[in-house]
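Please read the following exchange beside the structure. It asks how certain descriptions are justified.

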Amino acid sequence: MGKRASGSRVNWQKGIEILSNDSPPDFKIGICGLGTVGGGTLNLLRENADEIGMRLGRKITVSHVATRTPKPELTAGVATTSSDPFAVVADPEVQLVVETMGGYEPAFEVIRQSLANGKHVVTANKALIAERGNELFAVAQASNVCLAYESSVAGGIPIIKALREGLAANRINWLAGIINGTGNFILTEMTQKSRQFNDVLKQAQELGYAEADPTFDVEGIDAAHKLTIMASIAFGIPLQFDKTYTEGISQITPEDIDYADELGYRIKHLGIARLSEKGVEMRVHPTLLSKSRLLARVNGVGNAILVHGNAVGSTLYSGPGAGAGPTASSVVADIIDIARQAESGVKRPICPGLGYLQTHEGLEVLPISEIETEYYLRIPAVDKVGVMAKISNVLTAKDISIDAVIQKEPTSESVPIVILTHDVVERKLNEAIAALEELDEVTGKIMRIRVEPFHGVQN
Ligand code: HSE
């Protein structure tokens, strides 16, 4: 039982008596994997057992846990502990399996077999949902069970619920968010404390934020998984991870952070999904955001997602994006949701995976070359009269108009020229970059970072 602050005015004891006298039998679950998320889930279920029982009207009992490394303190009171996750899948007592092992296999098979055996599944595994969710949701639907995945996107923020339920009346036009806590933590520390990339990454790993393979965080793959899932719910399209444009933060330098700052911007790693007349945009990449935007002020391991619906306008959801407590909060919310349905005896549970009963098969995902936005360019050039004129001629020839320019002090090799452009189709910008890099006066590769102006959005 969790300890309560003294002076609480809530009559928990009465509630607990009602629960024990007049409620359905305990809802029995199994947990596969006791790492940061699985361990956090077990702890949270124990710590908040009374509140959860009161909200649900019945108790949740963890009756079987599978873990590679025995953790007797954590599993005290659990009826069965084994080292094989398939023992949980086969346990007839278990009504719902929590998959918190991560990775592709055996996690996929654990989920698939659980669903096929008529057990509900709650998972935090965004890689599996984004890459193989279409297969898994089909199994869930055929077996009339739920596959829930709130914790797979944005840690403790209930964004799946918001998209699927709270905003269900809207046509969602676009969403954009900071959806990788590790990446945001690294960029924040680099910006605010001038810390080195690798040093901050190590700390994120120690804090349990980073993926087992941290390249998933720093190369944008983790964010692309999450964006794929959100776009699928928002627009009612199949999961298409392979079509999500993915670029990470590993190429961002302290100079770019400083130049962006001088121009009034922060560099954030954003996931953007948008419906346009040309098709669907799905892209994750570093992005310059005006410092005045709320999103630009989301720091550390924080995540935040702006969602624009045609009826509601723009709405913002923010909170901790990683870590044991926040992620467990979402896992347990899913368990409670499913237990409510199981209790009400619903034969065909209302959890059709991605929030639509049918998907829009016809909506095409646009290649990145077809998106249109503003850009930051850092051009290394020789320190000679006439260089700026040559650069500007190349841009003008491609119909690219310049919004702002700063020319920095020469370094030993070259002088960086930093340019902000107005909106342009990326294909044209790529042609301009290729032409600029051909100039004798340009001494190296041009750094390009997309800028998100959020035209017409207040916050
Ligand atoms: N590695 C992920 C992140 C964990 O940093 O956001 C939460 O999904």
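The questions and answers below concern this predicted model.

Q: What makes Lys226 and Asp222 a salt bridge?
A: A salt bridge requires a side-chain nitrogen of Lys or Arg within 4 Å of a carboxyl oxygen of Asp or Glu. The side chains of Lys226 and Asp222 meet at 2.6 Å, N to O, and the pair therefore satisfies the cut-off of 4 Å. The structure holds 31 salt bridges.

Q: Where do Lys226 and Asp222 lie?
A: Both belong to helix H12, where they are four residues apart, or about one turn of the helix. Lys226 and Asp222 are also among the residues that surround the ligand.

Q: Which helices each supply at least two residues of the shell around the ligand?
A: They are helix H9 (181-193) and helix H12 (221-235).

Q: Why is the approach of Asp217 to the ligand called a polar contact?
A: A polar contact is a pair of N or O atoms within 3.5 Å. A nitrogen atom of the ligand is 2.7 Å from an N or O atom in the side chain of Asp217, so this pair qualifies under the limit of 3.5 Å. The protein covers 94% of the 250 Å² of accessible area that the ligand has on its own.

Q: Which polar backbone atoms lie 2.7 Å from the ligand?
A: One belongs to Gly181, and its partner is an oxygen atom of the ligand. Another belongs to Tyr209, and its partner is a nitrogen atom of the ligand.

Q: How is the shell around the ligand divided by class?
A: It has three nonpolar, four polar and five charged residues. The space taken by the ligand is the largest pocket.

Q: What makes the bond between Glu105 and Pro106 notable?
A: Most peptide bonds are trans. The bond joining Glu105 and Pro106 is cis, with omega about 5 degrees. Pro106 is placed in the loop between strand S4 (96-99) and helix H6 (107-116).

Q: What is the phi of Ala154?
A: It is near 60 degrees, a positive value in a residue other than glycine. Most residues other than glycine have a negative phi. Ala154 is found in the loop between strand S6 (147-148) and helix H8 (159-166).

How values were computed: Residues are numbered from 1 along each chain as its sequence is written. This is a predicted model: local features need pLDDT of at least 70, side-chain atom pairs count only at pLDDT 80 or more; totals for chains, interfaces and linings use all residues. Side-chain values use heavy atoms; hydrogens and water are left out. A residue is near a molecule or strand if one of its heavy atoms lies within 4 Å of it. A polar contact is a pair of N or O atoms within 3.5 Å; within protein, one must be able to donate a hydrogen and the other to accept it, and residues adjacent in sequence count only if both atoms are side-chain atoms. Accessible areas come from the Shrake-Rupley method with a 1.4 Å probe; for residues, only the protein chains shown count as cover. On a 1 Å grid over the protein atoms alone, a cavity is a set of points where a 1.4 Å probe fits but cannot get out, and a pocket is an open set with protein on both sides within 12 Å along at least five of seven lines; lining residues have an atom within 4 Å of a point. A molecule sits in a cavity or pocket if more than half of its atoms lie within 2 Å of its grid points. Ala, Val, Leu, Ile, Met, Phe, Trp, Tyr, Cys and Pro count as nonpolar, Asp, Glu, Lys and Arg as charged, and the others, Gly among them, as polar.
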